[in-house]
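Q: I should like to learn how to read the arrangement of helices and strands in a structural model. Could we take one example and work through its features in turn?

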Amino acid sequence: MAHTFTHLLTHVVFSTKDRLPMIEGDLKARLPPYLGGIVRELGGKALAVGGTADHVHLLASLPPTLCVSDALRVLKANASGWVHKTWPSRSKFGWQTGYGAFSVSKSNRQAVVDYIANQEEHHRRSTFKEEFVALLEKHGIEYDERHIWD
């Protein structure tokens with residue numbers, strides 16, 4: 001086959017360092033488009049970006065030449081640098097070391113977009129920890145809860 005054809009949707013979830021509520025005020029409004037711009041620079045498309053004060057959800061279509069770990073390394077490093085440069089008073093801002101990444105089928109795309117858009121409402125009923133463990137279990141990912149939050 002002369003060409004590569006893909007439809008790679010990934011739902012990525014990552015939190016602020018120590019899950020501290022650092023995404024507030026101006027940052028809350030400006031972070032999603034900034035993250036979307038980084039994804040675009042990587043050759044992908046951010047289909048939804050949202051979250052709460054302590055974590056981010058991103059649904060992205062990534063190119064087949066880019067692995068998720070490289071995309072997240074660039075995304076998190078650039079976003080942290082931008083936050084520190086734009087808001088010097090937020091010098092302690094940072095991201096957790098790891099992340100969760102979950103493949104999404106075309107048929108589930110809208111459900112994930114809606115889920116990301118409704119994060120504030122969702123977290124009136126559950127914590128980030130509860131949500132993340134539920135995502136791991138839903139996707140059949142084995143984990144040891146003693147090591148998730150390191």
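Q: Which strands does helix α2 lie across?

A: One reads such packing from the strands that a helix crosses and from the angle between their directions. In this predicted model, helix α2, spanning residues 68-86, lies across β1 (9-15), β3 and β4. Its direction relative to β1 is about 45°. Helix α5 (residues 128-138) also packs on the sheet and touches β1, β3 and β4; the angle between the directions of α5 and β1 is about 145°.

Q: What is the order of the strands in the sheet?

A: The order is read across the sheet, from neighbour to neighbour. Here four strands form an open sheet, arranged β2-β3-β1-β4 with antiparallel pairing. Because β2 (45-52) and β4 (100-104) each have a single partner strand, they stand at the edges, and one side of each lacks a neighbour in the sheet. On average, neighbouring strands are turned by 15° against each other, direction ignored.

Q: How many bridges join β2 to β3?

A: Strand pairing is followed through individual bridges. Strand β3 covers residues 55-61 and runs antiparallel to β2, with seven bridges joining the two. As one instance, Ala46 has Ala60 in β3 as its bridge partner.

Q: Is Gly25 buried or exposed, and why?

A: The judgement rests on relative accessibility, with exposed meaning over 50%. Gly25 has 58% relative accessibility and therefore counts as exposed. This residue is located in the loop between β1 and α1 (26-41). Between Gly25 and Ala53 the C-alpha to C-alpha distance is 9.4 Å, while their separation in sequence is 28 residues.

Technical notes: Residues are numbered from 1 along each chain as its sequence is written. This is a predicted model: local features need pLDDT of at least 70, side-chain atom pairs count only at pLDDT 80 or more; totals for chains, interfaces and linings use all residues. Side-chain values use heavy atoms; hydrogens and water are left out. Two strands pair if DSSP finds at least two bridges between them. Axes are lines fitted to C-alpha atoms, for helices over the stretch in contact, and angles run from 0 to 180 degrees between N-to-C directions. Contact means heavy atoms within 4.5 Å. Buried means under 20% relative accessible area, exposed over 50%, partly exposed in between (1.4 Å probe, protein chains only).
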